[in-house]
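Trainee: I would like to go through the enclosed spaces of this model with you, and to ask at each step what justifies the words we use.
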Amino acid sequence: MRVMKWSMIALAVSAGTSQFAIASSQDDAKGFVEDSTFSINTRLLYFSRDFRNNTGGQSRREETGLGFNGLYQSGFTQGTIGVGFDAIGLLGVKLDSGKGRAGTGLFPNGSDGRAQDDYSKGGGAIKFRISDTVLKIGDQYTTAPVFASDDSRLLPELPQGVSITSNEIKGLKLEAGHFTSIVAQSQTFKDSISDSSDVGHVGLKEANFVGGVYSFTPELTGSLYYSKVEDYWKKTYANINWTHALSKDQSLAFDFNIYSTKSDGLGLQRAEKDNTTKLDNRAYSLQGAYTIDAHTFTLAYQKVSGDGDYGYGIDGGGTIFLANSIARSDFNAEDEKSFQARYDLNMATFGVPGLSFMTRYVKGTGANTADTSNGKEWERDIEAKYVIQSGPAKDLSLRLRQATYRSSDGVYYGSASIDELRLIAQYPLNIL
């Protein structure tokens, strides 16, 4: 890491020296085995995507699969430096597919275009802890807003690299990472996430990031991150989140996110050579929510300005912490502005704990794409979810998600009209 990347860590540490915790997590270490946990998350997923009125290609994708996500996390050995180990095992099983219906992203596809019957992947990471700082080396999930692994299909993405997370200062979380590969959601080999326009290599070559989250008050938090993805781009991310209870049954929440992205390395050279857009843009969203009893009403505005779309994916499919990145579209095209209206209902207030509903509508305008300078799109999502509260099936969740997407031109996001349905049953089993 360059000294520049560590400067904001040093600033945060110097500003918060009076808030050090008296006791550390390592002081309470119980041992490698004694503190171990092992869980298996089982996910059954039916995924259907209907490309309505699509006469030039595949009109429908429809597949069903069963995924198993096993995670073992050891405790830390006692002493000044604690040592531990984490292991991840992933298995996906095809339950239903077909050559003409494949391509949902649930399974790897063979050379004949058919989905594989099953696939597996996994790995491990060694970890070290000093006080409240953890260093992890190996296969691990990531959640940083500039490098986040995606879990929107049957199995999650699995990055490989080094991360360090520090909670030495009360209210302040600092983290940094160096990653060199990612196993895609529907693949089993490293560097399986690639860019079709890539020059010189395939997949992630190197991504470095640093940043942190600070709680100014119990109601106000802020985040600041920086990342560099070699031969793609540099990013800066900032966030402010504020929540306030108006009364026992009412609250307000505001969330602001912003990314600044610039082409870098081969990404910049490629744009200059091919006379294509050099990334130099800002993407931001502002979201406000009002909750009263069982009801939450949300409004959001999102805007991309500058040159190029907000780009992500090679740095993790979850690296888009913007309000209008939803089920089908991200509303992240160059010059695009979008508005969202959302309604959530929590049925626990009416005596049915675990049952909830959500619906939202997002409309985007002014998108500058290869085919239009004023592209328009909209998406409507409807979701119902129930989590069993007690009994042998406690924590089993059942979810129905339906998305309707339309755009003003036939090539925007690959199709002008899409109807999507997902049925998800998920059961977490804690063995240790």
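Mentor: Let us begin with a term: a strand here is a DSSP run of E with at least two residues, and strands are numbered from the N terminus. Please keep in mind that the model is predicted.

Trainee: What makes strand E1 (37–51) and strand E2 (60–73) part of the account of the second largest cavity?

Mentor: Each of these two strands supplies at least two residues of its lining, and the lining as a whole consists of Asn 41, Arg 43, Gly 67, Asn 69, Asp 151, Leu 154, Leu 155 and Pro 156. A lining residue must have an atom within 4 Å of a cavity point, so these eight names are residues that meet that cut-off.

Trainee: How do you know that domain 1 (33–122) and domain 2 (123–430) both contribute to the lining of the second largest cavity?

Mentor: At least three residues of that lining come from each of the two domains.

Trainee: Why is the largest space called a cavity rather than a pocket?

Mentor: In a cavity a 1.4 Å probe fits but cannot get out, whereas a pocket is open, so the space of about 70 Å³ counts as enclosed. The search finds two cavities of 30 Å³ or more, and the second largest has a volume of about 50 Å³.

Trainee: What makes six residues in the lining of the largest cavity charged?

Mentor: Asp, Glu, Lys and Arg count as charged, and the lining includes Arg 360, Asp 381, Glu 383, Arg 401, Glu 420 and Arg 422, so the class has six members, beside four nonpolar residues and one polar residue.

Methods. Residues are numbered from 1 along each chain as its sequence is written. This is a predicted model: local features need pLDDT of at least 70, side-chain atom pairs count only at pLDDT 80 or more; totals for chains, interfaces and linings use all residues. Side-chain values use heavy atoms; hydrogens and water are left out. On a 1 Å grid over the protein atoms alone, a cavity is a set of points where a 1.4 Å probe fits but cannot get out, and a pocket is an open set with protein on both sides within 12 Å along at least five of seven lines; lining residues have an atom within 4 Å of a point. Grid points are joined across faces, edges and corners, and a volume is the space filled by probe spheres set on the points. Helices (H or I, at least four residues) and strands (E, at least two) are DSSP runs, numbered from the N terminus. Domain bounds come from an automatic or database domain assignment.
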